[in-house]
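Reader: Could you take me through one part of this model closely, in connected prose? I would like to follow a single buried region and see how its pieces relate.

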Amino acid sequence: MSDKKLFLPALLGTNRKDRSSGHVAKWVFEKMQEREEIETQLFDVRNFELPRDHYGTEIGHLFPEWRDAIIKADGLVIVTPEYNHSHPGILKSVLDLLLKEYIHKAVAFVGVSAGPWGGTRVIESMVPMVRELGLAVTFSDLNFPSVASKFDKDGNLLDTAYDKRAAGFLDELVWMATTLRWGRLNVSSKYHS
Ligand SMILES: Cc1cc2nc3c(=O)[nH]c(=O)nc-3n(C[C@H](O)[C@H](O)[C@H](O)COP(=O)(O)O)c2cc1C
């Protein structure tokens, strides 16, 4: 088993101007940085200048920082708001830039909503899609329902119960990412040598 830190980037999945998901992503990213077994990097879909006339893995090379991060990654945290019970289109566009780079790596979801379900519907709707990317989904999500009431105007989280929830969420992701890294290194597959 490798003692190397797990590399687990996080992706903020909306470019909406006044997004509350930004507060959530920042808070989760800080929790990940506190863990000694995790190395992380925060990506923001706002920073992907997607062309209007092309799409998918054929333009993945135009985003080398993202591609290199996913090649190096042991897993991924996706922070997504719920938009009409689904995900923001730009999040799908960013995920679709790559394919084989995700295979046999872990993914964990953070759901954000104005309503009372904390993004459970968007997370459930994304599971078949990330499966097709080759990602393996954890079963411990982190949910932020009624998100407007969760943070103060400076973006500080008001509910201390989230510390324990984030610990459990990250424990599960670390287990999955560690196990899958062991598998990628020790069990042959046509997808990795
Ligand atoms: C296009 C759109 C659709 C939305 N659909 C839902 C929804 O289905 N359920 C819900 O609880 N909130 C919905 N919301 C509200 C968002 O969940 C809310 O804005 C929340 O703060 C998270 O998104 P944000 O990061 O953009 O702020 C929607 C917002 C937008 C912009």
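Author: What follows is a close look at the nonpolar core, begun from one helix and carried over to another. The model is a predicted one, and the description should be read with that in mind. The largest nonpolar core holds 49 residues, and those that touch the most other members are Leu8, Val24, Val28, Val77, Val79, Val110 and Leu173. The largest share of this core, seven residues, is contributed by α5.

Leu173 lies in that helix, α5, which covers residues 161–186. Leu173 counts as buried because 26 other C-beta atoms lie within 10 Å, where 20 or more are required. Apart from neighbours within four places in sequence, Leu173 has contacts with Leu8, Gly75, Ala106, Ala108 and Thr138. Measured against Glu30 by C-alpha positions, the separation of Leu173 is 16 Å in space, while the two are 143 residues apart in sequence.

Glu30 falls within the span of helix α1, residues 21–34, a helix of 14 residues that reaches 20 Å from its first C-alpha to its last, close to the 20 Å expected at 1.5 Å a residue. Buried in α1 are Ser21, His23, Val24, Ala25, Trp27, Val28, Lys31 and Met32. Of these, Val28 touches Ala10, Val77, Val79, Val110, Leu142 and Ala166, when residues up to four places away in sequence are not counted.

Ser21, buried in α1, also belongs to the surroundings of the ligand, where 15 residues are found and Arg19, Ser21, Pro81, Ser113 and Gly115 come nearest. By class, that shell consists of five nonpolar, seven polar and three charged residues.

How values were computed
Residues are numbered from 1 along each chain as its sequence is written. This is a predicted model: local features need pLDDT of at least 70, side-chain atom pairs count only at pLDDT 80 or more; totals for chains, interfaces and linings use all residues. A residue is near a molecule or strand if its C-beta atom, placed from the backbone, lies within 6 Å of it. Ala, Val, Leu, Ile, Met, Phe, Trp, Tyr, Cys and Pro count as nonpolar, Asp, Glu, Lys and Arg as charged, and the others, Gly among them, as polar. Helices (H or I, at least four residues) and strands (E, at least two) are DSSP runs, numbered from the N terminus. A residue is buried if 20 or more other C-beta atoms lie within 10 Å of its own, exposed if 12 or fewer, and partly exposed in between; C-beta atoms are placed from the backbone. Two residues are in contact if their C-beta atoms, placed from the backbone, lie within 7 Å. A nonpolar core is a set of buried Ala, Val, Leu, Ile, Met, Phe, Trp, Tyr and Cys residues joined through C-beta atoms within 7 Å. The expected span of a helix is 1.5 Å times one less than its number of residues.
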